[in-house]
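Student: I have a model to read and many terms to sort out. Can we go through them one at a time?
Tutor: Yes. Look at it first, then ask what each label rests on.

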Number of protein chains: 2
Amino acid sequence: MSDASAPWPPQDLDDATIVVRRLAEATQELTGRMAKVMAMNATDMTAIAALGLNGPMGATDLARHLGIRTASATTLIDRLERSGHVERVRDPHDRRRVTVTATAAAQQAERAAWATTIEDIDAVSRSLSPDQRGVVVDFVSRVVEVLQASGRNGDGS
Amino acid sequence: MSDASAPWPPQDLDDATIVVRRLAEATQELTGRMAKVMAMNATDMTAIAALGLNGPMGATDLARHLGIRTASATTLIDRLERSGHVERVRDPHDRRRVTVTATAAAQQAERAAWATTIEDIDAVSRSLSPDQRGVVVDFVSRVVEVLQASGRNGDGS
DNA sequence: ACTGATAATTAGCTAGTCTAGCTACTAGGG
DNA sequence: CCCTAGTAGCTAGACTAGCTAATTATCAGT
């Protein structure tokens, strides 16, 4: 908040921070491209990924994950159900609830779309020594925690 | 969370790959939340970030960066210009071209929105020893290269 | 059984991107 | 010098996907 005229990339940031930022940028751009490849929008693809990573969940939970309203989640689930990517299962104990599950086909398709990219990343990962891998995993995990904590509380005012 | 019944995560991936994947997911979710905080959509915020990181560029370049059509870039620039986030400057040598620049105010606002998050990441970065930092920077840089290379060629088509 | 809370849905509206086509401009060959 | 081809950005109209507000069905407590 001090100097508006400062050229953006602030030099006082750690190199590791800078590469993380670039990683974030690259991730977003790639996600957008991938969504196009799979003929769906970014939210839909994120939904499939979230269901795959975290397992089946209700519409409200899914909405919270995606940062959209439950009404929007309903139409999103409609859309993905119509295209065969997810399935609705009503909860027998609480019949208001539906449990949304990614179909095997959807997970396979998502996996296929990302396959080459993930393999390439994995190749980089495998080139690490055990010590190096420990450093990387610890660092990235802590960054993930930071990202997950951010936005939950007071950021932009 | 971390439902054991989740069929997705293939176990043959390196731990480092898995945390990168989680980082990608966290990045996207946070970007969405941040966009809401700044009262703009994800694309607009990505545009501001891209202009800040890579410097001023033309509408076509910006479109390519964002994965949208040039027509959409025009309306995006209209929108951001109207809200005072970017400025159009016509190129004197090639008068078809416009150069789009993020205003100082916009960069400041973006910086402010991300400030606490970036500082938190930076704190993690600074906790690294020089050796560790070297490992992290090298690893992440290579992952970024992979991501940038992906989607340009033989993926789903 | 009644009341209030919760999960998902529906209806109507708004905003943002896309395709298709246009204008303005530059560069290069008769 | 003019004419053609190619490039950069902009305009118009259709479509997609998100939001708010209101609705239905169900659950839990009294």
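Tutor: Start with a definition: a helix is a DSSP run of H or I with at least four residues, and a strand is a run of E with at least two. Keep in mind that this is a predicted model.

Student: How many helices and strands does chain A have by that rule?
Tutor: Six helices and three strands. Along the sequence they follow the pattern α-α-β-α-α-β-β-α-α.

Student: What makes 59-66 of chain A a helix, H3?
Tutor: A helix needs at least four residues in its DSSP run. Helix H3 of chain A covers 59-66, so the run meets that cut-off.

Student: What makes a residue of chain A count as buried?
Tutor: It needs 20 or more other C-beta atoms within 10 Å of its own. Of the 157 residues in chain A, 36% pass.

Student: How do you know that chains A and B are related by a two-fold axis?
Tutor: Superpose them. A rotation of 180° with 0.0 Å of shift along the axis puts chain A on chain B, with an RMSD of 0.1 Å. That is the relation of a two-fold axis. In chain A, Val136(A) has the C-alpha nearest the axis, 2.8 Å from it.

Student: Why do we say the copies meet through the same surface?
Tutor: Because 95% of the interface residues of chain A are also interface residues in chain B.

Student: What makes a residue "near" DNA strand C?
Tutor: Its C-beta atom must lie within 6 Å of the strand. There are 23 residues around DNA strand C, and Gly58(A), Thr60(A), Ala71(A), Thr43(B) and Ser72(B) are the closest.

Student: Which helix gives the most to that surface near DNA strand C?
Tutor: H4(B), with five residues. Helices H3 and H4 of chain A, and H4 of chain B, each supply at least two.

Student: And which residues come nearest to DNA strand D?
Tutor: Ala71(A), Ser72(A), Gly58(B), Thr60(B) and Ala71(B), out of 23 around that strand. Here H4(A) has the largest share, five residues. H4 of chain A, with H3 and H4 of chain B, each give at least two.

Student: Why is Gly58(B), near DNA strand D, called polar?
Tutor: Gly is counted among the polar residues, so Gly58(B) is polar by that rule. The surface near DNA strand D has seven nonpolar, eight polar and eight charged residues. The surface near DNA strand C also divides into seven nonpolar, eight polar and eight charged.

Methods. Residues numbered from 1 in each chain as written. Chains lettered and ligands numbered in written order. Predicted model: local features only at pLDDT ≥ 70, side-chain atom pairs only at ≥ 80, totals over all residues. Least-squares fit on C-alpha atoms with pLDDT ≥ 70 in both. Contact = placed C-beta atoms within 7 Å. Buried ≥ 20, exposed ≤ 12 C-beta atoms within 10 Å, placed from the backbone.
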